[in-house]
Amino acid sequence: MNDYKLFVGTICPYCQKVENFMKENDIEIEIVNIDQDREAMRELIDNGGKRQIPCLYHDGEYLYESDDIIEFLRENK
């Protein structure tokens with residue numbers, strides 16, 4: 001999963017849900033915390049259209065909602 005990036009926040013239970021799924025299934029994706037990286041937050045807003053997290057960037061697309069991200073990862077890992 002080379003062209004993937006997961007945007008998360010510091011205090012976000014939905015982000016933790018996705019990160020826990022990734023750990024349990026040995027899925028390694030770049031994780032970027034938008035609370036700690038303002039440039040990443042700007043990237044998410046400018047390219048994804050909103051500041052909502054978690055957000056999975058893949059193949060030029062931005063996927064929101066933790067359940068949708070988990071389902072996508074489950075099908076594409």
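# Exercises on a predicted protein model

In this predicted model, the side chains of Lys5 and Glu43 are joined by a polar contact of 3.2 Å. The exercises below begin with Lys5 and then turn to Asn76 and the overall fold.

## Exercise 1. The setting of Lys5

Determine in which element Lys5 lies, whether Lys5 is buried or exposed, and with which residues Lys5 is in contact.

**Solution.**

1. Locate the residue: strand E1 spans residues 4–8, and Lys5 lies within this strand.
2. Read the accessibility: the relative accessible area of Lys5 is 16%. Buried means under 20%, so Lys5 is classed as buried.
3. Collect the contacts, setting aside neighbours within four places in sequence: Lys5 touches Ile29, Glu30, Val32, Glu43, Cys55, Leu56 and Tyr57.
4. Return to the polar pair: Glu43 is among these contacts, and its side chain forms the 3.2 Å polar contact with that of Lys5.

## Exercise 2. The setting of Asn76

Establish where Asn76 lies, how its accessibility is classed, and which backbone oxygen its side chain reaches.

**Solution.**

1. Locate the residue: Asn76 belongs to helix H3, which covers residues 66–76.
2. Classify the accessibility: the value for Asn76 is 35%. Partly exposed covers the range between under 20% and over 50%, so Asn76 counts as partly exposed.
3. Identify the partner: the backbone oxygen of Phe72 is reached by the side chain of Asn76 at 2.7 Å.
4. Relate sequence to space: Asn76 and Arg42 are separated by 34 residues in sequence, and their C-alpha atoms are 27 Å apart.

## Exercise 3. The overall fold

State the order of the secondary structure elements, and explain why the protein is as compact as a globular protein of its length.

**Solution.**

1. Count the elements: the protein has three helices and four strands.
2. Order them along the sequence: the pattern is β-α-β-α-β-β-α.
3. Compare the radius of gyration with the globule rule: the protein has 11 Å, close to the 11 Å given for 77 residues, so it is as compact as a globular protein of that length.
4. Add the dimensions: along the principal axes, the C-alpha atoms fill a box of roughly 30 × 25 × 20 Å.
5. Consider burial and contacts: 42% of the 77 residues are buried. Of the contacts with a separation of 6 or more, 57% involve residues 24 or more positions apart.
6. Examine surface and charge: about 4800 Å² is exposed, with 40% supplied by carbon and sulfur atoms. The protein carries 9 positive and 18 negative charges, whose mean positions are 5 Å apart.

Technical notes. Residues are numbered from 1 along each chain as its sequence is written. This is a predicted model: local features need pLDDT of at least 70, side-chain atom pairs count only at pLDDT 80 or more; totals for chains, interfaces and linings use all residues. Side-chain values use heavy atoms; hydrogens and water are left out. Helices (H or I, at least four residues) and strands (E, at least two) are DSSP runs, numbered from the N terminus. The radius of gyration is taken over C-alpha atoms; the globule rule is 2.2 Å times the number of residues to the power 0.38. Buried means under 20% relative accessible area, exposed over 50%, partly exposed in between (1.4 Å probe, protein chains only). Contact means heavy atoms within 4.5 Å. Accessible areas come from the Shrake-Rupley method with a 1.4 Å probe; for residues, only the protein chains shown count as cover. Lys and Arg count as positive and Asp and Glu as negative; His and the chain ends are not counted. The place of a charge is taken as NZ of Lys, CZ of Arg, CG of Asp or CD of Glu. A polar contact is a pair of N or O atoms within 3.5 Å; within protein, one must be able to donate a hydrogen and the other to accept it, and residues adjacent in sequence count only if both atoms are side-chain atoms.
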